[in-house]
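Subject: Handing over the structure

Hello,

I am passing this structure on to you, and the sequence and model are shown just below. After that I go through what was found, in an order that I hope is easy to follow.

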Amino acid sequence: MRIPVDLKSVRPYGDTLNDGAMQLSFTLPVPEGAKAKEAALTLLKKMGFSEASIVCQSDLGNNFTYFVAYGKTTIDVDYQNIKVVEIETRKMGMYEINDFIKSHFNRKLVVVGACTGDDAHTVGIDAIMNMKGYAGHYGLERYSEIDAYNFGSQVPNEELISRAREKNADAILVSQVVTQKDAHIKNLTQFIEIAEAEDIREQMLLIIGGPRIDHKLALELGFDAGFGPGSFADDVASFIVEKLLERKSAVKS
């Protein structure tokens, strides 16, 4: 049975619909103890939460304390007026994508990727590119019609673009996991500046991914697409093949 919901006034759901109950976790830079707990409760009340309670707190060392809290809010959101920028590509599976490439391109496609700048965390780019993939979704190296090159971590933007040119790539994937103090924004902005200076902007698809990446941010920075958490190789590959076909068709016309 579908429960009727007022989409113009949506609140968090705890025990009952629209009760506003939320679970939060946060850290305060104070030593663990009764005073820390009271500080956390005071903070929650100042934030507008009623029935605030701390259900877990633990010492993180160096005078830091971690909390898990419950509270209720009266704030709601008009879901009907929420606007988002989404990738509208039709998602295909690996075999369908391989058939798509065979049907529309007379060659294999080339995709290169890396974590660039100071980022040494390859978990994201490995999940998308490595043969075994992630969570049952094979990586691009497994695709018979894609030549995939994973250049690893801490690759300077200039070097990734240079290697992409050497491989005559169709798409470049830039992974950004480390995002403290918006370091990823500076690095990605530099990548686009170099890509434009190297005049590859219209030759290759430029795609970014990471835990704080979404499609809206990618477009704002000048990339063709952005993939956030929960994205798999087939999401990325579906976008690449459809976008490349669009460009190919535009050139013919």
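Let me start with a single residue: S175 is buried, with a relative accessible area of 4%. Please keep in mind from the outset that this is a predicted model. S175 belongs to strand β6. Leaving aside residues up to four places away in sequence, its contacts are A114, C115, T116, D119, G124, I125 and G209. One of these contacts, C115, is itself buried, at a relative accessible area of 0%.

**The strand around S175**

How many of the residues of strand β6 are buried? The strand covers residues 171-175, and 5 of the 5 are buried, so β6 is largely enclosed by the rest of the structure. As a general point, side chains in a regular strand alternate between the two faces of the sheet. Here A171, L173 and S175 point one way, while I172 and V174 point the other way, and all are buried. If you colour the model by accessibility, β6 is a good place to begin, since burial means under 20% relative accessible area.

**Its neighbours in the sheet**

Strands of a sheet pair through backbone hydrogen bonds, in either a parallel or an antiparallel manner. Strand β4 (residues 109-115) runs parallel to β6, and 5 bridges join the two. Within this pairing, G113 has L173 of β6 as its bridge partner. Strand β7 (residues 205-209) also pairs with β6 in the parallel sense, over 5 bridges. There, S175 stands opposite G209 of β7. To get from β6 to β7, the chain passes through helix α5 (residues 183-197), and this β-α-β crossover is right-handed.

Now for the sheet as a whole. It is an open sheet of 5 strands, in the order β5-β4-β6-β7-β8, with parallel pairing. At its edges are β5 (146-150) and β8 (225-227), each of which pairs on one side only. On average, neighbouring strands of this sheet are turned by 20° against each other, direction ignored. On the β5 side, β4 and β5 run parallel and are joined by 5 bridges. One of the pairs in this part of the sheet is L109 with its bridge partner I146 in β5. Helix α7 (residues 233-252) packs on the sheet and touches β4, β5, β6, β7 and β8; the direction of α7 makes about 160° with that of β7.

**Charged pairs**

Side chains of opposite charge can pair when their charged atoms come close. How many salt bridges does the model hold? The count comes to 12. Here are some of them.

- The side chains of D147 and K108 form a salt bridge, at 3.9 Å from N to O. D147 sits in strand β5 and K108 in the loop between α2 (94-104) and β4, so the pair ties together parts that are 39 residues apart in sequence. D147 is partly exposed at 28% relative accessibility, and K108 is partly exposed at 40%.
- R165 forms a salt bridge with E198, where the closest N and O atoms are 2.8 Å apart. This pair links distant parts of the chain: R165 is in helix α4 (residues 157-166) and E198 in the loop between α5 and β7, 33 residues apart. R165 is partly exposed at 39% relative accessibility, and E198 is partly exposed with a relative accessible area of 37%.
- Salt bridges that share partners also join K91, D234 and D235 into one network.
- E96 and R90 meet through their side chains in a salt bridge of 2.8 Å, N to O. E96 is partly exposed with a relative accessible area of 35%, and R90 is partly exposed with 44%.

**Cysteines**

A disulfide is a covalent bond between the sulfur atoms of two cysteines. How many disulfides are found here? The count is 0. Among the cysteines, C56 is partly exposed at 36% relative accessibility, whereas C115 is buried at 0%.

If you want a starting view, put S175 in the centre, with β4 joined to β6 by 5 bridges and β7 paired with β6 over another 5.

Best wishes

Technical notes: Residues numbered from 1 in each chain as written. Predicted model: local features only at pLDDT ≥ 70, side-chain atom pairs only at ≥ 80, totals over all residues. Heavy atoms only, no water. Buried < 20%, exposed > 50% of the residue type's maximum accessible area, 1.4 Å probe, protein only. Helix = DSSP H or I, 4+ residues; strand = E, 2+ residues; numbered from the N terminus. Pairing = 2+ DSSP bridges. Right-handed = clockwise from strand over helix to strand, strands pointing away. Contact = heavy atoms within 4.5 Å. Axes fitted to C-alpha atoms, helices over the stretch in contact; angles between N-to-C directions. Salt bridge = Lys/Arg side-chain N within 4 Å of Asp/Glu carboxyl O. Disulfide = S-S within 2.5 Å.
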